[in-house]
Amino acid sequence: MDLLHVENLIKDYVSPDGEVQRVLEIANFNLAAGEQVAIRGSSGSGKTTFLHIVAGILAADRGSVRFDGEEIVALNESQRDQYRARELGYVFQSFHLLGAYSALENVIFGGAFGSGGDPALAEELLVTLGLEHRLKHRPHQLSIGQQQRVALARALAGRPRMVLADEPTGNLDPTAAVEALELLRGLCRNQGAALLLVSHDPTVLGAFDRQEDFAVLNQAVAGVTP
Amino acid sequence: MKRLRALILIVRRSLREHALSTAVTVVSAALASGLVMAVFAVAAQSRAAFAGGPVGFDAVLGARGSATQLVLNTVFHLETSPGNIPWSLYKEVSEDRTVELAIPYAVGDNYRGLRIVGTTPEIFTKFEYVEGRKFEFVGYGEPFDGDLRQAVVGSEAARISGLKRGDVFQPSHGVSVSGNAQNPDGNGVQHDERYVVTGVLKPTNSPSDRVIWIPIEGIFRMGGHVLRGTGENFEAQAGAVIPDEHKEVSAVMLKFKSPIHGRRMEDLINRQGKVATLAWPIANVVAQLFERLGWVNRILELVAYLVVLVAGGGLLSSIYNTMNERRREFAILRALGARRRTVFSAIVLEAMTISVLGSLLGYLVYGVIMGVAAAIIRERTGVVLDTFEWHPALVQTPLAMLAVGAIAGIFPARKAYATDVASTLSRNL
């Protein structure tokens, strides 16, 4: 059974002058439990919007997004928050670490609002990622690579069943990017979490057995308008 | 539990990140809280001390005029005497079958601003300032001899003047030190007579503590004192007996055998008579005074409430001003699964935490204000306020501050609540 099943998903934006612009139209997309999929796409193609809808950050206009059989589109905002806290980990391109908090506290927040995480797991993840001496450091005291690893640990701190990664290596040099990707994939494998990653980096994409082209997946980008 | 820990972490970190504005807001909340508690406590304790405190007498008989001035002058040893009444009136009431105790007072002199009251030794032997409690002496102190130039010093008067048993002092004319030698009333002029202190009284926490007691005969015979008991001027001569018809007193303190007898005497003195005033019952006279002065208290309360309002506004703006910089933080927390109400609660909790810290510090402010107010009131009146005495405001004010904090927190919390996650995160890529 699919962990994630997206069907006839549509998202429109209304511009300030009232023009309706369709940014997302996905007929069908599936992700199995524990599966790792990379989506290839250029900037502005709607990848982030897609991930936001899957994460419940944005509401879809039409269509269906089912997670483990539960219809996400039908949930209200509070229920989507709960779903996100309980089931998902999210790695942002610019990491979005909280500057006022230590590395450990950032990771603890990753599991603070769901049911899976705990401070011990947060520390364990950071130790696994080689940051045992940086637990109390704030993000600005860490290198870019270390910040990336804190972001990875945070995404896994709630023991999610699915991790969404939006250009997770976009700010890293090629060597660090490969290393970060391996860490992310390894952590997901260890926890049994599925991974849905979007990127435009061929090196990153090449590491995945299954790749999807977002330009094909998203019919709105392909020129279909409402 | 995890969510509560996360909430506490958010609040703690924000307070630390904005340490300066947090400190300023906490201090202003503390000042507001302390001020409100002090205003209510001082008002309540003052009223209790003046209107319901130990007096020991039921009524004051004095010159025709204001009962309030009579009470202020004789019970609280404030203000000037409204005038004198003839000795014969004192003798008359002291022999009245309904009167248990009648003690004459004669005022008009001071020592370093401390009031000297001429009276009879009965003030130490018969008068009970609280039921069952008479004035007590420190160490080997003893009452003065009514025929000698001796004095007994109240505890507060002894502390201020430094007088102790065996010391000698010279009274000055006037009930205060405000006058000088050029004053037509002779205020401030030192008398030649020297008085020996026979004892210092233990504290009673009443205005009597500020008094220096001497024999009433001493007042009659003080150099320069003119007696007008019969209407004609009379100056006492050394060694010669003063005829009763020349004697006069400032007031007579009365205790009735039963409080109900006051009504009969009030009728005799105030309605049928024309030469004197009976202030009865004393507690009512003081209560009426407090009622007349109630507006002062109400203004003080109003000011205190305004200070609370200002503190609440300060709290609101200090948190509200951080909202823009924290919008990204809220968006990230929301993306991690925090619900809108979680970030809303975090802000309200932050405001309430500041209120709680302010209220706790407010007890210190309250203690300082009470300490200063108590010292001033003790200095001026002899009445002692107790900082640790219970008053509902000590609990109600912190609770009210907590409510003000919560309300003040709602406005910035609404802003945090409304944070749009997707657009905020997109802007901060």
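This section describes pockets, a cavity, strand pairing and aromatic contacts in a predicted model.

The largest pocket encloses about 790 Å³ of space. Its lining comprises 28 residues, and those that lie nearest the centre are B:V42, B:A43, B:S46, B:F290 and B:I377. Two or more lining residues are given by each of four elements of chain B, namely helix 2 (19–51), helix 9 (282–292), helix 10 (294–320) and helix 12 (340–381). Helix 2 of chain B gives the most to this lining, with nine residues. Sorted by class, the residues around the largest pocket are 22 nonpolar, four polar and two charged. Both domain 1 (2–50 + 293–427) and domain 2 (59–280) of chain B give residues to the lining, and the largest pocket therefore lies between these two domains.

The second largest pocket has a volume of about 610 Å³. Of the 22 residues that line the second largest pocket, B:N84, B:V107, B:G108, B:H173 and B:H225 lie nearest its centre. Strand 3 (99–111), helix 7 (216–221) and strand 12 (248–249) of chain B are the elements that give two or more residues to this lining. The largest share, three residues, comes from strand 3 of chain B. In terms of residue class, the lining of the second largest pocket divides into eleven polar, eight nonpolar and three charged residues.

Strand 3 of chain B also takes part in strand pairing. Strands of a sheet pair through backbone hydrogen bonds, in either a parallel or an antiparallel sense. Strand 3 and strand 13 of chain B run antiparallel and are joined by six bridges. Within strand 13 of chain B, B:F256 is the residue that stands opposite B:V99. Strand 13 of chain B is further joined to strand 1 (residues 59–63) of chain B, again in the antiparallel sense, by four bridges. Here B:V252 of strand 13 is the bridge partner of B:L61. Strand 13 of chain B, which spans residues 251–256, is mostly covered, with five of its six residues buried.

Aromatic contacts were then examined. A pair of aromatic rings is described by the distance of the centres and the angle of the planes. Over all chains, the count comes to 21 aromatic pairs. In one of these, the ring centres of B:F124 and B:W213 lie 6.5 Å apart and the planes stand at 85°, so the pair is edge-to-face. B:F124 belongs to helix 5 (residues 122–125) of chain B and B:W213 to strand 11 (residues 212–215) of chain B, so the pair ties together parts that are 89 residues apart in sequence. B:F124 has a relative accessible area of 5% and is therefore buried. B:W213 is likewise buried, with a relative accessible area of 0%. Both residues belong to one aromatic cluster, formed by B:F57, B:Y105, B:F124, B:F127, B:Y129, B:F135, B:F137, B:F144 and B:W213.

In chain A, four strands form an open sheet in the order 2-1-4-5, with antiparallel pairing. Strand 2 (20–32) and strand 5 (70–71) of chain A are the edge strands, each pairing on one side only. Within this sheet, five bridges connect strand 1 (residues 2–14) and strand 4 (residues 62–67) of chain A in the antiparallel sense. A:E7 stands opposite A:S64, a residue of strand 4 of chain A.

Helix 2 of chain A spans residues 77–87 and contains A:D81. With a relative accessible area of 2%, A:D81 is buried. A:D81 and A:F113 are 32 residues apart in sequence, and their C-alpha atoms are 8.9 Å apart in space.

Enclosed space was considered as well, and five cavities of 30 Å³ or more were counted. The second largest cavity has a volume of about 80 Å³. Its lining consists of A:R84, A:A85, A:L88, A:G89, A:Y90, A:G110, A:R154 and A:A155 from chain A, together with B:A335, B:L336 and B:G337 from chain B. The elements that give two or more residues to this lining are helix 2, strand 6 (88–91) and helix 5 (144–156) of chain A. Strand 6 of chain A gives the most, with three residues. By class, the residues that line the second largest cavity are six nonpolar, three polar and two charged.

Key:
Residues are numbered from 1 along each chain as its sequence is written. Chains are lettered from A and ligands numbered from 1 in the order in which they are written. This is a predicted model: local features need pLDDT of at least 70, side-chain atom pairs count only at pLDDT 80 or more; totals for chains, interfaces and linings use all residues. Side-chain values use heavy atoms; hydrogens and water are left out. On a 1 Å grid over the protein atoms alone, a cavity is a set of points where a 1.4 Å probe fits but cannot get out, and a pocket is an open set with protein on both sides within 12 Å along at least five of seven lines; lining residues have an atom within 4 Å of a point. Grid points are joined across faces, edges and corners, and a volume is the space filled by probe spheres set on the points. Ala, Val, Leu, Ile, Met, Phe, Trp, Tyr, Cys and Pro count as nonpolar, Asp, Glu, Lys and Arg as charged, and the others, Gly among them, as polar. Domain bounds come from an automatic or database domain assignment. Buried means under 20% relative accessible area, exposed over 50%, partly exposed in between (1.4 Å probe, protein chains only). Two strands pair if DSSP finds at least two bridges between them. Rings of Phe, Tyr and Trp (its six-membered ring) pair if their centres lie within 6.5 Å; planes under 30 degrees apart count as stacked, over 60 as edge-to-face and the rest as tilted.
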